[in-house]
Amino acid sequence: MSLDSVCYLDAKRKPAVRNVIERRVRRRALLPIIIEGGDKVEHWAEPSVLDAMPEVPAQLVHILSPFNPLIIQRKRLKLFFDYEHRFEAYVPKEKRVLGYFALPVLVGDEIVAAIDLKADRASRVSKLQKWTWLQGGATKALSRTVDEALDRFEKFQFAR
């Protein structure tokens, strides 16, 4: 965690939160950590979290809303995933790159695509408006993995 992420949209709380963090660091309930490339921003973690760092399955797929806290907190998104998402619903159609309501796709520990879906409530299906591969494209296996996740996502969205 960082002070900015804890106090996101509530900067007035920063002094009080910093005091709490400093007290916890003195008690060793929090440890300062260094995130590669993020040396200008202080981060802390509970010791138990560091002891239990699991391996991320390479093919674990998350289709994320542009309103997901991971995506909304732009600085953290850039630091952890080297990705800058732009919500384009308010961008004129001719200037959109990813699409009206593009959903970032996280596979393992990398955001690999942005998929613009439109829910057709009447027919209970998702219509693929645009699929944008990021950082160099994809393999057939990765495409299949994301397709399977999209199928699960659609079933969840329409409770099928």
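Let's start in a loop: Arg124 is found between E5 and E6. Please keep in mind that the model you are looking at is predicted. Arg124 has a positive phi of about 60° although it is not a glycine, and at 38% relative accessibility this residue counts as partly exposed. Asp82 is another residue of this kind, with a positive phi of about 50° although it is not a glycine. Asp82 sits in the loop between helix H5 (74–81) and E4, and its relative accessible area of 53% makes it exposed.

**The sheet and its helix**

The loop that holds Arg124 joins two strands of a sheet, E5 and E6, so let's look at that sheet next. It is open and has 4 strands, in the order E3-E4-E5-E6, with antiparallel pairing. E3 and strand E6 (125–133) stand at the edges with a single partner strand each, so one side of each has no neighbour in the sheet. From one strand to the next, the twist averages 30°.

E3 and E4 run antiparallel and are joined by 3 bridges. To find one spot on this pairing, look for Val61, whose bridge partner in E4 is Val107. Helix H6 packs on the sheet and touches E3, E4, E5 and E6, and its direction makes about 150° with that of E6.

**What lies inside**

Nonpolar side chains tend to be buried together in soluble globular proteins. Which residues touch the most other members of the largest nonpolar core? They are Ile63, Val105, Val107 and Val146, in a core of 14 residues. Strand E3 (61–63), strand E4 (102–107), strand E5 (110–120) and helix H6 (140–157) each supply at least two residues of this core. The largest share, 5 residues, comes from H6.

Ile63 gives a good view of this region: leaving out residues up to four places away in sequence, it touches Leu103, Pro104, Val105, Ala149, Leu150 and Phe153. There is also a second, separate core of 12 residues, and among its members are Leu77, Tyr83, Leu106 and Leu134.

**A histidine in strand E2**

Is His43 buried or exposed? With a relative accessible area of 5%, His43 is buried. This residue lies in strand E2 (residues 43–45). A polar atom of the His43 side chain lies 3.1 Å from the backbone oxygen of Val41. Setting aside neighbours within four places in sequence, the contacts of His43 are Met1, Ser2, Leu31, Pro32, Ile33, Ile35, Leu79 and Phe80.

**Aromatic rings**

A pair of aromatic rings is described by the distance of the centres and the angle of the planes. The model has 5 aromatic pairs, and two of them are set out here.

| Pair | Centre to centre | Angle between planes | Type |
|---|---|---|---|
| Phe67 and Phe101 | 5.9 Å | 55° | tilted |
| Phe87 and Tyr90 | 5.7 Å | 70° | edge-to-face |

The pair of Phe67 and Phe101 links distant parts of the chain, 34 residues apart. Phe67 is in the loop between E3 and helix H4 (69–72), while Phe101 is in the loop between H5 and E4. Phe67 is partly exposed, with a relative accessible area of 49%, and Phe101 is partly exposed at 26%.

In the other pair, Phe87 is buried, with a relative accessible area of 18%, whereas Tyr90 is exposed at 74%. Phe67, Phe87, Tyr90 and Phe101 together form one aromatic cluster.

Conventions: Residues are numbered from 1 along each chain as its sequence is written. This is a predicted model: local features need pLDDT of at least 70, side-chain atom pairs count only at pLDDT 80 or more; totals for chains, interfaces and linings use all residues. Side-chain values use heavy atoms; hydrogens and water are left out. Buried means under 20% relative accessible area, exposed over 50%, partly exposed in between (1.4 Å probe, protein chains only). A polar contact is a pair of N or O atoms within 3.5 Å; within protein, one must be able to donate a hydrogen and the other to accept it, and residues adjacent in sequence count only if both atoms are side-chain atoms. Contact means heavy atoms within 4.5 Å. A nonpolar core is a set of buried Ala, Val, Leu, Ile, Met, Phe, Trp, Tyr and Cys residues joined through side-chain atoms within 4.5 Å. Two strands pair if DSSP finds at least two bridges between them. Axes are lines fitted to C-alpha atoms, for helices over the stretch in contact, and angles run from 0 to 180 degrees between N-to-C directions. Rings of Phe, Tyr and Trp (its six-membered ring) pair if their centres lie within 6.5 Å; planes under 30 degrees apart count as stacked, over 60 as edge-to-face and the rest as tilted.
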